[in-house]
Amino acid sequence: MAMPPTPPIPADLDWQKATDDESAPEYIEVAFGDDDHVYLRTNIEPDNVVVTTRTKWDAFVLGVKAGEFDHFVGL
């Protein structure tokens, strides 16, 4: 099954740091588009943007809150 094409990245996204640690050398940034897409990137490679849907993002967040990814801690 072919992957759908990546939508164009809107220029006016409001990127939010996914950490409150001001001294973090590397972190993820998240932006929510008006087009029902969620955009993710790192501050190290801001031109490398991953795009997902709001539905998939919400499912991921629910999984994090439920502890489904806790086994990755410390890897």
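User: Which strand gives the most to the lining of the largest pocket?
Analyst: First, a heads-up: this is a predicted model, where local features need pLDDT of at least 70, side-chain atom pairs count only at pLDDT 80 or more, and totals for chains, interfaces and linings use all residues. Residues are numbered from 1 along each chain as its sequence is written, and side-chain values use heavy atoms, with hydrogens and water left out. The pocket lining includes Val51, Thr52 and Thr53, and the top contributor, with three residues from the run 50–53 (a DSSP run of E, at least two residues, numbered from the N terminus), is strand E4.

User: What volume does the largest pocket have?
Analyst: A pocket here is an open set of points on a 1 Å grid where a 1.4 Å probe fits, with protein on both sides within 12 Å along at least five of seven lines; lining residues have an atom within 4 Å of a point. Besides the residues already named, the lining takes in Met3, Pro4, Pro5, Thr6 and Pro7, along with His37 and Lys56. The space filled by probe spheres set on the points is the volume, and for this pocket that comes to about 250 Å³.

User: In what order do the elements of the chain run?
Analyst: The chain has one helix (a DSSP run of H or I, at least four residues) and four strands. Reading from the N terminus on, the order is β-β-β-β-α.

User: How do the rings of phenylalanine 32 and tryptophan 57 pair: stacked or edge-to-face?
Analyst: Rings pair if their centres lie within 6.5 Å, with planes under 30 degrees apart called stacked, over 60 edge-to-face and the rest tilted. There are three aromatic pairs in the structure. In this one the centres are 6.2 Å apart and the planes meet at 75 degrees, which makes the pair edge-to-face.

User: How many residues apart in sequence are the parts that this pair ties together?
Analyst: Phenylalanine 32 belongs to strand E2 (residues 28–32), while tryptophan 57 is part of helix H1 (residues 54–65). The pair therefore ties together parts whose separation in sequence is 25 residues.

User: Is tryptophan 57 buried or exposed?
Analyst: Under 20% relative accessible area is buried, over 50% is exposed, and in between is partly exposed (1.4 Å probe, protein chains only). Phenylalanine 32 is partly exposed at 31%, and phenylalanine 60 is partly exposed at 40%. At 16%, tryptophan 57 is buried.

User: Which residues do ring pairs link into a cluster?
Analyst: Within helix H1, tryptophan 57 and phenylalanine 60 are three residues apart, about one helical turn. Their ring centres are 5.7 Å apart with planes at 40 degrees, so that pair is tilted. Taken together, ring pairs link Phe32, Trp57, Phe60 and Phe69.

User: Over the ring of which residue does the charged end of arginine 41 sit?
Analyst: Arginine 41 is in strand E3 (residues 37–42) and is buried at 18% relative accessibility. A charge sits over a ring if NZ of Lys or CZ of Arg is within 6 Å of the ring centre and within 35 degrees of the ring normal. Here the charged end is 3.8 Å from the centre, and the ring belongs to tryptophan 15.

User: With the side chain of which residue does the side chain of arginine 41 make a polar contact?
Analyst: A polar contact is a pair of N or O atoms within 3.5 Å, one able to donate a hydrogen and the other to accept it. For arginine 41 the distance is 2.6 Å, and the partner is glutamate 29.

Key. Rings of Phe, Tyr and Trp (its six-membered ring) pair if their centres lie within 6.5 Å; planes under 30 degrees apart count as stacked, over 60 as edge-to-face and the rest as tilted.
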